[in-house]
Amino acid sequence: MRYLAFLVILMLAGATFGQTKLKKTQISKEISVMLPRDFTPMPDDGIARRYPATTKPLAVFTSPNGQVDFSVTQKRSQFRSRDLNMLQDIYKANLLEKFTDVDFIREEIVDIKGEQYIVFEFVSKMADERGTTNLAPVQKYSIIQYTIKGNQLMVFTMHAPFILKNDWQTTMRDVMSSIKIKV
């Protein structure tokens, strides 16, 4: 019996020690989030390569090995927070269009610290469908959250290679549920 109790204590201690430590990171005057302590801001040239878009992310933070990213994008929107139910269908359609295959784990509207967010948690697959190469599909585990404050759409994303999903899922959920927007 003592041996079993010792094993249980070791397993619980291992689970506690294996958790990623988070620290408060100020993204802007209004936005803060708890990120892993070893995440660092991605330089502008890295953002341009990894996130080519018409709207540059407000901030991107990455893990030391560059495999896991957290980003925030903010842009003007004609929609209001009351439109989130309608926008959920639009953003889901965009994700389905963007990737070869999407397996949704969660797709819902949730309250985080008093703000309503559209949340998509999913595994995506992007295959090279040109037929000119034999590259394996790229699989990623992602959580994307959308909210609207005033006339601003805010998009929070966190991506990891699918192979790291089990290692990062709890931490990514913790990070995404820690987002705080000051009114």
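Trainee: Where is Met-86 found in this model?

Mentor: Met-86 sits in helix H3, residues 84-98. Keep in mind that the model is predicted.

Trainee: Why does Met-86 count as partly exposed?

Mentor: Its relative accessibility is 42%. Buried means under 20%, and exposed means over 50%. The value of 42% lies in between, so Met-86 is partly exposed.

Trainee: Which residues make the nonpolar surface patch with Met-86?

Mentor: Phe-79, Met-86 and Ile-90 make the patch. Its area is about 240 Å².

Trainee: What makes Phe-39 and Trp-168 an aromatic pair, and why is it called tilted?

Mentor: The structure holds seven aromatic pairs. For Phe-39 and Trp-168, the ring centres are 5.8 Å apart. The cut-off for a pair is 6.5 Å, so these rings pair. Now take the angle. The planes stand at 45°. Under 30 degrees would be stacked and over 60 edge-to-face. An angle of 45° fits neither, so the pair is tilted.

Trainee: How do you know that this pair links distant parts of the chain?

Mentor: Look at the positions. Phe-39 is in the loop between strand S2 and S3. Trp-168 is in helix H4, residues 165-176. The two are 129 residues apart.

Trainee: Are Phe-39 and Trp-168 buried or exposed?

Mentor: Phe-39 is buried, and so is Trp-168.

Trainee: What makes Phe-104 and Phe-120 a tilted pair?

Mentor: Run the test again. The distance is 5.7 Å centre to centre, and the planes differ by 55°. The distance is within 6.5 Å, and the angle is neither under 30 nor over 60 degrees, so the pair is tilted. Phe-104 lies in strand S6, residues 101-112, and Phe-120 in strand S7, residues 115-126. The pair therefore ties together parts that are 16 residues apart in sequence. Phe-104 and Phe-120 are buried.

Trainee: Which residues do ring pairs link into a cluster?

Mentor: The cluster holds Tyr-91, Phe-99, Phe-104, Phe-120, Phe-122 and Tyr-146.

Trainee: How do you know that S4 pairs with its partner strands?

Mentor: Count bridges. At least two are needed. Two bridges join S3 to S4, and four join S4 to S5. S4 therefore pairs with S3 and with S5. S3 and S4 run antiparallel, and so do S4 and S5. Phe-61 in S4 shows this well: Pro-41 stands opposite Phe-61, and Phe-61 stands opposite Phe-70 in S5.

Trainee: What lies between S4 and S5?

Mentor: S4 and S5 form a hairpin, with six residues between them. In the turn, Gly-66 has a positive phi of about 75°.

Trainee: Which way do the residues of S4 point?

Mentor: Ala-59 and Phe-61 point one way, while Val-60 and Thr-62 point the other way. All are buried. In a regular strand, side chains alternate between the two faces of the sheet.

Trainee: What makes S1 and S10 edge strands?

Mentor: Start with the sheet. It is open, with three strands in the order S1-S2-S10 and antiparallel pairing. S1 and S10 each have a single partner strand, so one side of each is left without a neighbour in the sheet.

Trainee: How many bridges join S1 and S2?

Mentor: S1 and S2 pair over five bridges, in the antiparallel sense. Here Lys-24 stands opposite Met-34 in S2.

Definitions and conventions:
Residues numbered from 1 in each chain as written. Predicted model: local features only at pLDDT ≥ 70, side-chain atom pairs only at ≥ 80, totals over all residues. Heavy atoms only, no water. Buried < 20%, exposed > 50% of the residue type's maximum accessible area, 1.4 Å probe, protein only. Patch = residues over 30% accessible without salt bridge, like charges linked within 9 Å, V, L, I, M, F, W, Y side chains within 5 Å. Areas by Shrake-Rupley, 256 points an atom, 1.4 Å probe, with all protein chains shown as cover. Salt bridge = Lys/Arg side-chain N within 4 Å of Asp/Glu carboxyl O. Phe/Tyr/Trp six-rings, centres within 6.5 Å; stacked < 30°, edge-to-face > 60°.
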